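User: I'd like a quick tour of this one. Start with the empty spaces, then the packing.

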Amino acid sequence: YHTVLTTLKKIKKITDPHQRAHYQFLKTDAKMWVKKDYDDAIFEYNQLLQETNDRNEIYAVLATCELGIVYSLKQDLEKSAFYFKKLPGLMKKLDLDQYIFWSLSLFANLSEFYLNIDHQVGKCQDLLTEALHFAKKNNSPFFVDSFYLLSAEALYAKNGEWTAEAIDDLTKSCVFAEFLDDKLELAKAQKHLDQINKQ
């Protein structure tokens with residue numbers, strides 16, 4: 001995120017509305033994760049939504065998702081749910097294949113919402129199936145470690161135990177996390193596997 005902010009400082013003027021929204025989203029997102037100033041992030045994401053004429057603009061959809069994330073970080077789950085519940089409808093209006101990385105990011109965040117905030121395991125599992133199909137179709141490994149980790153956790157939530165299928169998904173999560181050098185997801189999956197091995 002520090003690198004993103006340093007790079008964005010080199011940009012002096014943007015006239016294209018789509019690229020202006022892209023710039024504003026990246027700047028707001030990076031600042032939020034660096035400074036942890038969630039109130040400032042809420043203002044800037046809302047500013048992006050106000051300044052975006054096309055509600056189907058990918059960066060407006062991403063800003064909506066990030067508002068859901070920010071409110072969950074602030075432990076305001078009702079407001080978080082308000083934004084996350086808008087995402088399925090917004091995603092249906094997007095050409096997801098045009099924005100592979102961002103689409104996979106939306107799948108990951110919405111799946112996590114269904115599992116951990118909305119507690120709808122079935123919806124989470126259905127979305128993860130769609131997300132993995134989308135990733136395979138587009139030959140993209142991005143977020144696949146997250147999808148398998150969430151799938152394992154959803155299976156655990158559904159069955160009340162670590163089934164063979166859930167353990168298989170944890171292992172897949174570790175493999176993809178190592179490939180992507182995603183230390184955060186690797187640590188989460190490995191923690192579950194370590195606890196299973198101690199039983």
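Analyst: What follows covers the cavity, the largest pocket, the nonpolar cores and the cysteines. Keep in mind that this is a predicted model.

User: How many cavities of 30 Å³ or more are there?

Analyst: The structure holds one cavity of 30 Å³ or more. About 40 Å³ of space lies in the largest cavity.

User: Which residues line the largest cavity?

Analyst: The lining is made of T28, K31, M32, K35, D37, D40, A41 and E44.

User: How does that lining divide into nonpolar, polar and charged?

Analyst: Five of the lining residues are charged, two are nonpolar and one is polar.

User: And which helices supply it?

Analyst: α2 (17-35) and α3 (38-51) each supply at least two residues of that lining. α2 gives the most, with four residues.

User: Switching to pockets. How much space lies in the largest pocket?

Analyst: About 1100 Å³. The largest pocket has 34 lining residues. Nearest its centre lie Y1, W33, N109, E112 and F143.

User: Which elements give two or more residues to that lining?

Analyst: They are α2, α4 (58-73), α7 (100-116), α9 (144-159) and α11 (183-198). The largest share comes from α7, with eight residues.

User: What about the chemistry of the pocket lining?

Analyst: The lining of the largest pocket has 21 nonpolar residues, eight charged and five polar.

User: OK, packing now. How many residues are in the largest nonpolar core?

Analyst: That core has 51 residues. Those with the most contacts inside it are Y45, I58, L87, L106, F107, L110 and F147.

User: Where in the fold does this core come from?

Analyst: At least two residues each come from α2, α3, α4, α5 (77-84), α6 (87-92), α7, α8 (121-137) and α9. α4 supplies the largest share of this core, eleven residues.

User: Take L110. What is it in contact with, leaving aside neighbours within four places in sequence?

Analyst: L110 is in contact with F84, L87, P88, M91 and L127.

User: Is there anything beyond the largest core, and what does a second core include?

Analyst: A second, separate core has ten residues. Among them are L149, W162, C174 and A189.

User: Tell me about L149. Where does it lie, and is it buried or exposed?

Analyst: L149 lies in helix α9. L149 counts as buried because its relative accessibility is 2%, under the 20% cut-off.

User: What does L149 touch, not counting residues up to four places away in sequence?

Analyst: L149 touches L170, S173, E185, K188, A189 and H192.

User: How far apart are L149 and H192?

Analyst: In sequence, L149 and H192 are 43 residues apart. In space, they are 9.6 Å apart, C-alpha to C-alpha.

User: Last topic, cysteines. How many disulfides turn up in the whole structure?

Analyst: Zero disulfides are found. C65 is in no disulfide, and its nearest cysteine sulfur, that of C124, is 14 Å away. A disulfide needs the two sulfur atoms within 2.5 Å, so this pair does not qualify.

User: And from the side of C124, which cysteine sulfur is nearest?

Analyst: The sulfur of C65 is nearest to C124, 14 Å away. C124 is in no disulfide either.

User: Are those two cysteines buried or exposed?

Analyst: C65 is buried, with a relative accessible area of 1%. C124 also counts as buried, at 0% relative accessibility.

Conventions
Residues are numbered from 1 along each chain as its sequence is written. This is a predicted model: local features need pLDDT of at least 70, side-chain atom pairs count only at pLDDT 80 or more; totals for chains, interfaces and linings use all residues. Side-chain values use heavy atoms; hydrogens and water are left out. On a 1 Å grid over the protein atoms alone, a cavity is a set of points where a 1.4 Å probe fits but cannot get out, and a pocket is an open set with protein on both sides within 12 Å along at least five of seven lines; lining residues have an atom within 4 Å of a point. Grid points are joined across faces, edges and corners, and a volume is the space filled by probe spheres set on the points. Ala, Val, Leu, Ile, Met, Phe, Trp, Tyr, Cys and Pro count as nonpolar, Asp, Glu, Lys and Arg as charged, and the others, Gly among them, as polar. A nonpolar core is a set of buried Ala, Val, Leu, Ile, Met, Phe, Trp, Tyr and Cys residues joined through side-chain atoms within 4.5 Å. Buried means under 20% relative accessible area, exposed over 50%, partly exposed in between (1.4 Å probe, protein chains only). Contact means heavy atoms within 4.5 Å.
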